[in-house]
Protein chains: 2
Amino acid sequence: MKQYDVIILGGGPSGIITGVTGIKQNPGKSFLMLKEESKGLVPCGIPYIFGVLGDVSKNIMGPKPFIDAGGEVLVDPATKVDVKNKVVTTLSGATYGFDKLVFATGSIPAIPTFLPGYDLDGVEYIKKSYTAIDKLKAKTDAAKSVVVIGGGFIGVEVAEQLAANDSKDVSLIEMEKYCLYRAFSEDLAARADSQIRKTKVKLFTNTRVAEIVGEAGHVTGVKLADGRTLPADIVISAIGYKPNTKLAADAGLRINENGAIAIDRYLRTKTPDVFAVGDCSSTEGFITGDSDNIMLASTATAEARILGYNLFSIRLLRDFAGTLSVFSTEVHNHVFASAGAIEQAASAANIEFLVGKFEDVDRHPGTLPGTSSLLVKLIVSPKNGAVIGGEICGGKSAGELINVIALAIQKNVTVYELVCFQVGTHPLLTSAPTKYVLIKAAENAIAQI
Amino acid sequence: MKQYDVIILGGGPSGIITGVTGIKQNPGKSFLMLKEESKGLVPCGIPYIFGVLGDVSKNIMGPKPFIDAGGEVLVDPATKVDVKNKVVTTLSGATYGFDKLVFATGSIPAIPTFLPGYDLDGVEYIKKSYTAIDKLKAKTDAAKSVVVIGGGFIGVEVAEQLAANDSKDVSLIEMEKYCLYRAFSEDLAARADSQIRKTKVKLFTNTRVAEIVGEAGHVTGVKLADGRTLPADIVISAIGYKPNTKLAADAGLRINENGAIAIDRYLRTKTPDVFAVGDCSSTEGFITGDSDNIMLASTATAEARILGYNLFSIRLLRDFAGTLSVFSTEVHNHVFASAGAIEQAASAANIEFLVGKFEDVDRHPGTLPGTSSLLVKLIVSPKNGAVIGGEICGGKSAGELINVIALAIQKNVTVYELVCFQVGTHPLLTSAPTKYVLIKAAENAIAQI
């Protein structure tokens, strides 16, 4: 039986980055990655395969950096893990011994078993799999009517991309008052919805699905709770993902109340030498420390870097407790981004906060071509003025501006410090120095303290 | 004689922001602003008047926010200041008494008196004045050949904008090895030069001007040190700016060795109740504390906010010592940005440093339309890993990404912390989470420590 210092189960972003970082930080150690498919996808790029990218082959992400660094990759997924004897068995029946084992098994689509008709042919999912998405792309190409269930990021992005095809009829159903309502406060979520409504997507918010209907075992439509039926050649269920933990559970690892592999701050399970990272593992909210379920490649890779350093001993201290969710997307040419606490989440957790807010243009003067409006909201702890969250709606620059806010949250920056923050501005690139929107939002927060 | 609590001399960004912040933070106090012209300009937008904006009227910035807040504005500049009796005399002969006085008199173009012919008719300057730029725009419209002397930000931006006009012949002369060499290290400055060379601008680097030549008192060309002569209908001298301090010097305020009004960290001169802010005032480098001469609207407005809070007493502590220069510009659709220490400046100041560097694409996958390359360099103190500077070359997102680095510098963030930094990423907006360029540059720095 071949023996490795480290075996990584899974070839997504967290597996790759754990491997690359781990090899660089632990020279001389042997690394094996076991994965399901030879080709991998950029996970967050998947929705764009259905539109602007046009083909699954345009969205490839493979383990090449890991191989280049000296790692070994086998397309032969693990089917059994014996943590006591430190042996992994694969689909082909091979066995490999390990010193350290990393679960990076990712997440799988949640199945709406509560919906009659969920098991009809033509009910599809956005799986993080090259072959699955390749097939689904062909099916959506052939479909005239598509109904997407679930207005989270994936649902919204997939619906908009599909609707860019003139001949396709696309509906999007969200049971909450707004789409993207887990990531944005009411006013930004409302703006995102109004952007969606400017596309060809037919948006149904505040709407429940009663049943997925079909004929001869194949989907023909979606029946809403109000009795209407939307015709559908295919239905894409995008109601969320759940941690892929069957292998870990079978191995006896502790699965927490959210269905994720329980880990500590250094990605360690309670089983010695066994780690879990990325979507399959537990996260804790950065303010309350309560268990939550953040599944983001950006977060996963941050954790994977920490794990890569610390596989054999803790040598890189983690300076920021908890997991910060930083979201961004683009809806009909408007960027929506958020970081950390949002209003409804802060209220639910009984966190006192106030909201600093400012809106202006993202160029100066605003007469320049390409100018967009830019809104920044800061969620601020009133006692010391610390920034605990932020939201942005604007042009493309919002994609990196949210990371200024993300860093501010992670470094406990207060609105008083932001008022003195020395920024770079340029007419073609940012809002004006006199009205730099982030700083004005901080001023607005101070005015309320 | 009318009496004011605060008189502000100058209506540029620092004057306006001192006024707006001062009024909001000191309710009940009376504020007067004395300025030279009724209309003001967005200073950093001036180069774009000569191209994409097309007219000076598209680049207006006035004191409206100050007036809206309750400030009084007079177009009647101060001609004399009596700091002992606390009286300002204006051009019209009026006198006003003050409790607090703020010099926000800005900067004026340096005149190349060392160059024969500098005083010919047709030798022009980029003055921060509505009427002056309005006139200059008309002159450049009429000119067929324009020579710009000085490849700093203003020279480069003005030359590129002028050259966008097909019928115009534009030359740019820089005596250093590269343009923008005060703001960027050699490799980035070289890239900027190669971008300039892709435009119609004829770029002469490593080139000295011997003389500005003319006939009948009007400029006809620029003679280079190597003997060549470039024909010119007008010459734009963009060799820099100097603090506008005559009024302050006449009033007996201390002018420092760089020609700026000497101030402390709270913008106070040594004369009680007299302050100076923005381009006319002294700055100190954030690492060495040595006197330098940063003139940036972004820096000026940060200082102006601090001053607005602290006019009557120090109530908002300044948490970041020194002035951080954060530059950005766009050269032929490539953004160049820097913050803090750059290599040649760090070497000159005998600061030990290493450079972490990474380059990739600014979208993911890189097959998406609109993808640019993105290079990040971090200047890092080797002992503790603190980030003391950074440079970026990339697409438009670099304009806000440089502010992530600027905040990192101001909060003493180390490369070890950046490796654990939780960022937001999105296919259409940023580099991939697995290769977020800023984090990879931090990793590259750590590999050298």
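These legends go with four close-up views of a predicted model.

**View 1. Helix α8 of chain B, enclosed by its surroundings.** Start with α8(B), which runs through residues 297-310 of chain B and so has 14 residues. From its first C-alpha to its last, the helix reaches 20 Å, close to the 20 Å expected at 1.5 Å a residue. Is α8(B) enclosed or open? Because 14 of its 14 residues are buried, α8(B) is largely enclosed by the rest of the structure. Here, buried means that 20 or more other C-beta atoms lie within 10 Å of a residue's own.

**View 2. A cis peptide bond in each of chains A and B.** In chain A, look at the bond from A:H364 to A:P365: this bond is cis, with omega near -5 degrees. You will find A:P365 in the loop between β22 (354-361) and β23 (373-380) of chain A. Now turn to chain B, where the bond from B:H364 to B:P365 is cis, with omega near 0 degrees. B:P365 sits in the loop between β22 (354-361) and β23 (373-380) of chain B.

**View 3. A:N206, a residue with a positive phi.** Although A:N206 is not a glycine, its phi is positive, at about 55 degrees. Where is A:N206 found? Look in the loop between β11 (202-204) and β12 (209-215) of chain A. A:N206 has 11 other C-beta atoms within 10 Å, so this residue is exposed; the cut-off for exposed is 12 or fewer.

**View 4. A:A216, in the loop between β12 and β13.** This loop of chain A leads to β13 (218-224). A:A216 is not a glycine, yet has a positive phi of about 55 degrees. Buried or exposed? With 7 other C-beta atoms within 10 Å, A:A216 is exposed.

Key:
Residues numbered from 1 in each chain as written. Chains lettered and ligands numbered in written order. Predicted model: local features only at pLDDT ≥ 70, side-chain atom pairs only at ≥ 80, totals over all residues. Helix = DSSP H or I, 4+ residues; strand = E, 2+ residues; numbered from the N terminus. Expected span 1.5 Å × (residues − 1).
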